[in-house]
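Notebook open, structure loaded. I want to go through the pocket, the sheet and the cysteines, and jot down what I find.

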Amino acid sequence: RRGKGVRIRGGTARAYYIGVETAMPAVPGVRPPIKALCVAPFGMEEGTEADIPSLEFGLVVGEPVEFRFLGSTLRRQDAPGTLLEEWEQEIDELAPVATKLEGQGNRVVPVHLHTKVTEVGQLELWCFSRDGKERWKLEFNVRERGDEE
C-alpha cells in the first residue's frame, strides 16, 4: 500500500455479465429471452473501473425488480459492453439479485452502466440516468468461495 513492496494482482476469476431482456411482446408465464452484456471482463483487477456509455437501457424504478447475473470462465476475450445473443453454451447463470430501486414514482429511466471491482472483491454496477441527476448501485460478491463451507 505504501508503494514499497511487490504488488500481487488477482483480478476476477470470471467474466461477469448481466441479462438484458430482448424486446418482444409479453407472454404471461413465459420469461423473455435475454442477451448477456459483459460488465466486467475476465481478470478485471481490484480497484479498476469500466464505463459502458455506448449502450443505454431502461431501468425500472419504484417497484421490485430482478437482475439476472451471469458468469463465464471460458469467455476471456469479452470487453465491457460486449453484447451476446447466443451465450448459453459458454456462460452460466448465477444467483439473481432482487431489489427495489428507489425513485419518484414507478417509471422506466434511461441509464448507462459503469462497473467497478472494489479492493474487497465486490463488483459494483452503477446505473447513471441519462440526465446525470440520478444513480443507483448494485453490488455482487465476485470472490470465489472455497470448499470449506
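**Pocket lining**

I sorted the residues lining the largest pocket by type and got 13 nonpolar, two polar and five charged. This is a predicted model, so I keep that in mind for everything below.

I then looked up the volume: the largest pocket holds about 540 Å³ of space. Its lining comes to 20 residues. Nearest the centre I found Gly 19, Glu 21, Gly 58, Glu 66 and Phe 67. Next I asked which elements give two or more residues to that lining. They are strands E1 (15-21), E3 (49-61), E4 (64-67), E9 (107-117) and E10 (122-129).

**The five-stranded sheet**

E1 also belongs to an open sheet, so I traced the strand order there: E6-E2-E1-E5-E7, five strands with antiparallel pairing. Which strands sit at the edges? E6 (83-84) and E7 do, each pairing on one side only.

I went across the sheet pair by pair, starting from E6.

- E2 (residues 34-40) and E6 are antiparallel and share two bridges. I noted Ala 36 with its bridge partner Leu 84 in E6.
- E1 and E2 are joined by six bridges, again antiparallel. Here Tyr 17 faces Cys 38 of E2 as its opposite number.
- E1 and E5 run antiparallel, with four bridges between them. In this pair I found Ala 15 opposite Ser 72 of E5.
- E5 and E7 (residues 92-93) make an antiparallel pair over two bridges. Leu 70 has Glu 93 in E7 as its bridge partner.

**How covered are the strands?**

I checked E2 for burial. Six of its seven residues are buried, so E2 is largely enclosed by the rest of the structure.

For E5 I wanted to look at the two sides separately. In a regular strand, side chains alternate between the two faces of the sheet. On one side of E5 (residues 69-72) I have Phe 69 and Gly 71, and on the other Leu 70 and Ser 72. What is the state of these four, buried or exposed? They are all buried, and both faces of E5 are covered.

**Cysteines**

I ran a disulfide search over the whole structure and it came back with zero. I then looked up accessibility for two cysteines. Cys 38, the one opposite Tyr 17, has 0% relative accessibility and therefore counts as buried. Cys 127 has a relative accessible area of 2%, which is under the 20% cut-off, so Cys 127 is buried as well.

**Gly 11**

Last stop was Gly 11, which is in the segment before E1. What does Gly 11 contact once its neighbours within four places in sequence are left aside? I get Gly 43, Met 44, Glu 45 and Glu 46. I also took the C-alpha to C-alpha distance from Gly 11 to Val 142: 9.9 Å in space, with their positions 131 residues apart in sequence.

Methods:
Residues numbered from 1 in each chain as written. Predicted model: local features only at pLDDT ≥ 70, side-chain atom pairs only at ≥ 80, totals over all residues. Heavy atoms only, no water. 1 Å grid on protein atoms, 1.4 Å probe; cavity = no way out; pocket = protein on both sides within 12 Å on 5 of 7 lines; lining within 4 Å. Points joined across faces, edges and corners; volume = space filled by probe spheres on them. Nonpolar A, V, L, I, M, F, W, Y, C, P; charged D, E, K, R; others polar. Contact = heavy atoms within 4.5 Å. Buried < 20%, exposed > 50% of the residue type's maximum accessible area, 1.4 Å probe, protein only. Pairing = 2+ DSSP bridges. Disulfide = S-S within 2.5 Å.
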